[in-house]
Amino acid sequence: MTFLSSFLNSIPGAVSQGIIWGIMGIGVYITFRIMDVADLTVDGSFATGGAVCVMLIRAGVSPWIAIVCALAAGALAGLITALLHTKCSIPAILSGILTQLSLYSINLRIMGGRANQPVSVDKFHLLVSQRYVRDLSLNNPLPLVILMSAAVIMTLYWFFGTERGCAIRATGDNPNMAKAQGINVKNNIIIGLMISNALVALSGALLAQYQGASDINMGRGAIVIGLAAVIIGEVFFGKIFRNFALKLFAVSIGAVVYYLVLQVTLQLGLNTNDLKLISAMIVAVFLAVPYWKKLATRKKGVKNA
Amino acid sequence: MLELRKICKTFNPGTVNEKVAIKNLSLTLSDGDFVTVIGSNGAGKSTMLNLISGAIPVDSGSIIANGKDITHLPDYKRAAILGRVFQDPMMGTSANMLIEENLALANRRGQKRGLKWGITEVEREFFKKSLSKLNLGLENRLGTKVGLLSGGQRQAVTLLMAVLRKPELLLLDEHTAALDPKTAAKVLAITEEIVQENNLTTLMVTHNMKDAIEHGNRLIMMDGGRIVVDISGEEKKNLTVPYLIELFNGASGNTEANDAMLLSK
């Protein structure tokens, strides 16, 4: 009974956090599924978003302007990775790792050389805060994160339906075809990575406000959580959701499911130190399953032949 | 329309794998020329097409299209005047996008891509009409992912995409080689129809001598990165396969007689 009640108690928090991380997952979806690039910049740009947002709010800037600046900072991080990849011909994964590593130093500088910068909801006006997550008031973070998520999904739905967005999708799916149709592949990779990292930084900015601090390590392993959200979403809704907006919505739900499962395992007495190991294992298994399935059907085919 | 002036291309220069692919090649195409290109493996046929399309850069020489030097123009910019169909049916289309989306991308070849909606109702009608000419029943499957189509269907769609916005030059790189004979014949028939209807200047690489003879108004044969035979007009019309093989052997020097001659030297 105590397990159930404490789990129920943790649901609003898990859902809020899940939706915030879901925005990050949508950013990962853009690179991983649309651009066909595994972009590791996100571990850094997530913390950059948090750092920029918190420092600006602490300096007295409006939280809305702060998250717009976080978006811009994330886009800039994506731009650096994209330039390393397209203009210096460094493999995408390595480009992301290089940017991510340099962002560690940059994030420390943004945060005034400290690994952690608090932004208390008592002292500053914040858009979302963990404190009110179970309140039935306008302060509750849930409505706002849901609205933000919906706005992100609708904007992306519109963008990837435009001429430019279609060209970006073609770039990710078949660069040879894209070039033959006169599409500037390199420019599109740059745009895709910028949008993706802008969203990741937005997610970081929201999470920093939500938890009341930005931390230099808050983005560590973010890529894995993002991938988990993408994959869980696909496992549950891949067969039903065909529409692009719904696919993005599935990522959001995937992140929520991830956090709910996390709560359960934590309540069951799991050591929090093992979290990252378990997350990584889950993602690895889900990434491997489609390949295993293919192997299995191939073997079956041979037997039948 | 197109002029290649003494172009050269060597792969892996200065290494043990050095391979001279194109040697001082010059070629002039007139408007409306339908040129078939034959030659053995490694003769430089595909390389020539890739140099024209800009997929790979030339070492020296220049490429002139409509009096404009395009030698240093990147491939995506050259695409404005070029239609391309590849040997691999997977290469010319985007498998995860719908047929109509692929066509819409092709319909904007050479144009600026902005924030307008990627496909319009007017276009859909136009696509339906264009697809129905292929006689493959694709006009009712605009919303199907291209990845679900067969190789022949995909190649037909790629062909349509290449000419949707009339190109000044159509490059066909053994575009029927990966298809079964029946499908290949059908795609070739469609090709002939499209080229005639739009009076397109075309370069078609093929391995099939019969196809090379039956199609086009001009035939060139390549060997060792050079054009060794260039036939057009009446002579082209009267070509036969045995005569072509004779020419081929004479040009590439791989008959017994030639070998004997070489040895006797």
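**Entry 1. Positive surface patch**

I began with charge on the surface, where Lys239(A), Arg242(A), Lys293(A) and Lys145(B) gather in a patch of positive charge. I record at once that the model is a predicted one. I then looked up the place of Lys145(B): this lysine sits in the loop between helix H4 (121-132) and helix H5 (151-164) of chain B. Lys145(B) has a relative accessibility of 33% and therefore counts as partly exposed.

**Entry 2. Helix H9 of chain A**

I turned to helix H9 of chain A, which covers residues 222-237 and has 16 residues. From first C-alpha to last, H9(A) reaches 22 Å, close to the 22 Å expected at 1.5 Å a residue.

I next asked which residues of H9(A) are buried. They are Ala222(A), Ile223(A), Ile225(A), Gly226(A), Leu227(A), Ala228(A), Ala229(A), Val230(A), Ile231(A), Ile232(A) and Gly233(A). I noted Val235(A) separately, as a residue of helix H9 of chain A that is partly exposed, with a relative accessible area of 48%.

For reference I add a general point: an α-helix has 3.6 residues a turn, so residues three or four places apart point the same way.

**Entry 3. Nonpolar surface patch**

Val235(A) led me to a nonpolar patch on the surface, which it forms with Phe236(A), Leu277(A), Ile278(A), Met281(A), Ile282(A) and Phe286(A). Together these residues have about 620 Å² of accessible area.

Which helices each supply at least two residues of this patch? I found H9 and helix H11 (275-304) of chain A. The largest share, five residues, comes from H11(A).

**Entry 4. Salt bridges**

I looked up the count of salt bridges over all chains, and it comes to 13. I examined several of them individually.

In chain A, Asp122(A) forms a salt bridge with Arg131(A), and the closest N and O atoms are 2.7 Å apart. Asp122(A) counts as exposed, at 59% relative accessibility, whereas Arg131(A) is partly exposed, its relative accessible area being 47%.

In chain B, I found a salt bridge between Arg5(B) and Glu3(B), with 3.0 Å between the closest N and O atoms. Arg5(B) is partly exposed at a relative accessible area of 39%, and Glu3(B) is partly exposed at 26%.

I also looked at Asp230(B) and Arg218(B), whose side chains meet in a salt bridge at 2.8 Å, N to O. Asp230(B) lies in strand S10 (residues 226-232) of chain B and Arg218(B) in strand S9 (residues 218-223) of chain B, so the pair ties together parts that are twelve residues apart in sequence. I asked whether Arg218(B) is buried or exposed. Arg218(B) is buried, with a relative accessible area of 11%, while Asp230(B) is partly exposed at 39%.

I then found a network: salt bridges that share partners join Glu163(A), Arg108(B) and Glu123(B).

**Entry 5. Positive phi values in chain B**

I checked backbone angles against a general expectation, namely that most residues other than glycine have a negative phi.

Asn12(B) has a positive phi, near 50°, and is a residue other than glycine. I located Asn12(B) in the loop between strand S1 (2-11) and strand S2 (19-29) of chain B. Asn12(B) is partly exposed, with a relative accessible area of 44%.

Glu174(B) is not a glycine either, yet has a positive phi of about 45°. Its place is in the loop between strand S7 (169-173) and helix H6 (181-198) of chain B. Glu174(B) is buried, with a relative accessible area of 8%.

**Entry 6. Separations in sequence and in space**

I looked up Asn102(B), which is found in helix H3 (residues 99-106) of chain B. At 0% relative accessibility, Asn102(B) counts as buried. How far apart in space are Asn102(B) and Met161(B)? I noted 7.7 Å, C-alpha to C-alpha, for a pair 59 residues apart in sequence.

I made a similar note for Ile34(A), which lies in helix H1 (residues 2-34) of chain A. Ile34(A) has a relative accessibility of 9% and counts as buried, the limit for buried being under 20%. Ile34(A) and Val264(A) are 230 residues apart in sequence, and their C-alpha atoms are 32 Å apart in space.

How values were computed: Residues numbered from 1 in each chain as written. Chains lettered and ligands numbered in written order. Predicted model: local features only at pLDDT ≥ 70, side-chain atom pairs only at ≥ 80, totals over all residues. Heavy atoms only, no water. Helix = DSSP H or I, 4+ residues; strand = E, 2+ residues; numbered from the N terminus. Expected span 1.5 Å × (residues − 1). Buried < 20%, exposed > 50% of the residue type's maximum accessible area, 1.4 Å probe, protein only. Patch = residues over 30% accessible without salt bridge, like charges linked within 9 Å, V, L, I, M, F, W, Y side chains within 5 Å. Areas by Shrake-Rupley, 256 points an atom, 1.4 Å probe, with all protein chains shown as cover. Salt bridge = Lys/Arg side-chain N within 4 Å of Asp/Glu carboxyl O. Lys, Arg positive; Asp, Glu negative; His and termini not counted. Charge placed at Lys NZ, Arg CZ, Asp CG, Glu CD.
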